[in-house]
Amino acid sequence: MTTVGPRLGWHTRCRSFSAPWPTLVLAWSLTIPKTLPSTFNGCISQLIPEGELEWLRDFELYHLSGWTPVQAEGRLDGHHFYFRARGSYWRFELGGNERYTRSPRWWHEESWPSVTGFQAGYMSDEEAVSCILKAIDLFRNGDNSHFKPEHPEYERTILEGWSAGALSLRIVTIRLGISGKEAVTRMRTWGIELPYTADREVQYVESLPMRKLRSRVGR
């Protein structure tokens with residue numbers, strides 16, 4: 001059984017918790033030391049109901065912190081994950097790394113309804129954890145075949161990953177074996193929204209040394 005103890009960081013944003021405490025890890029099962037402030041125990045119990053922990057094997061939450069964006073990091077099934085909520089969307093990415101030198105292999109993005117349409121970056125801890133739990137359930141129990149190169153929707157999936165911000169254009173060109181300009185053309189054909197960084201990223205990718213690209217699609 002994994003316990004909550006000193007390590008890489010739960011940086012709580014609960015208003016009721018102000019006492020200093022070493023960074024924490026939240027994992028498969030919670031065993032909270034009695035020496036922790038009662039307010040912190042209450043915060044944890046509100047965030048993750050005990051019944052929902054029963055299926056959270058191989059899950060660690062290193063931190064949940066900030067506003068606009070709300071961000072979280074941890075590990076799921078041995079892979080690094082990153083959660084981000086800002087504007088009108090939240091996104092969960094799996095398979096990257098803590099240095100952001102590796103791109104995710106799976107992600108899920110979802111709109112966050114609100115009065116203004118731009119309040120995802122102000123979601124509560126409870127709401128953020130609920131989003132993370134939903135993403136975990138989708139990853140483990142959903143149909144993820146469109147993330148595989150042999151799937152007919154793989155190209156669209158990768159292009160949508162760039163649109164959402166989960167992937168850079170450079171990674172898109174590598175995974176699809178196409179140029180940056182061709183990626184933009186296919187985005188428009190699919191009717192996928194271009195990221196606001198599109199022009200800058202195309203210029204950067206086109207300035208890189210030429211190399212033969214080989215598509216992974218259908219392999």
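Which elements cover the buried residues of helix α4? In this predicted model, the cover includes strand β5 (106-111) and the helices α3 (154-164), α5 (180-190) and α6 (198-207).

**Overall architecture**

The chain holds six helices and five strands. Their order along the sequence is α-β-β-β-β-β-α-α-α-α-α. Of its 219 residues, 43% count as buried. When contacts between residues at least 6 apart in sequence are considered, 55% of them join residues at least 24 apart. The exposed surface of the chain comes to about 12,200 Å², of which carbon and sulfur atoms supply 51%.

**Helix α4**

Helix α4 spans residues 169-176 and is mostly covered, with six of its eight residues buried. The buried positions are Leu169, Ile171, Val172, Thr173, Arg175 and Leu176. Just after the helix, Gly177 adopts a positive phi of about 70°.

**Salt bridges**

The model contains seven salt bridges. Three of them are listed below, each with its N to O distance.

| Acidic residue | Basic residue | N to O distance |
|---|---|---|
| Glu93 | Arg91 | 2.6 Å |
| Glu155 | Arg186 | 2.7 Å |
| Glu182 | Arg186 | 2.8 Å |

Arg91 and Glu93 belong, together with Glu109, to a network of salt bridges. Glu93 counts as buried because its relative accessibility is 11%, under the 20% cut-off. Arg91 is likewise buried, at 10% relative accessibility.

The side chains of Glu155 and Arg186 form a salt bridge between two helices. Glu155 lies in α3 and Arg186 in α5, so this pair ties together parts that are 31 residues apart in sequence. Glu155 is buried, with a relative accessible area of 17%, whereas Arg186 is partly exposed at 25%.

Arg186 also meets the side chain of Glu182 in a salt bridge. Both Glu182 and Arg186 lie in helix α5, four residues apart, about one turn of the helix. An α-helix has 3.6 residues a turn, so residues three or four places apart point the same way. Glu182 counts as partly exposed, at 30% relative accessibility.

Helices α3 and α5 thus appear in two parts of this account. Both are among the elements that cover the buried residues of α4, and the salt bridge of Glu155 with Arg186 ties parts of these two helices together.

Notes
Residues numbered from 1 in each chain as written. Predicted model: local features only at pLDDT ≥ 70, side-chain atom pairs only at ≥ 80, totals over all residues. Heavy atoms only, no water. Buried < 20%, exposed > 50% of the residue type's maximum accessible area, 1.4 Å probe, protein only. Contact = heavy atoms within 4.5 Å. Areas by Shrake-Rupley, 256 points an atom, 1.4 Å probe, with all protein chains shown as cover. Salt bridge = Lys/Arg side-chain N within 4 Å of Asp/Glu carboxyl O.
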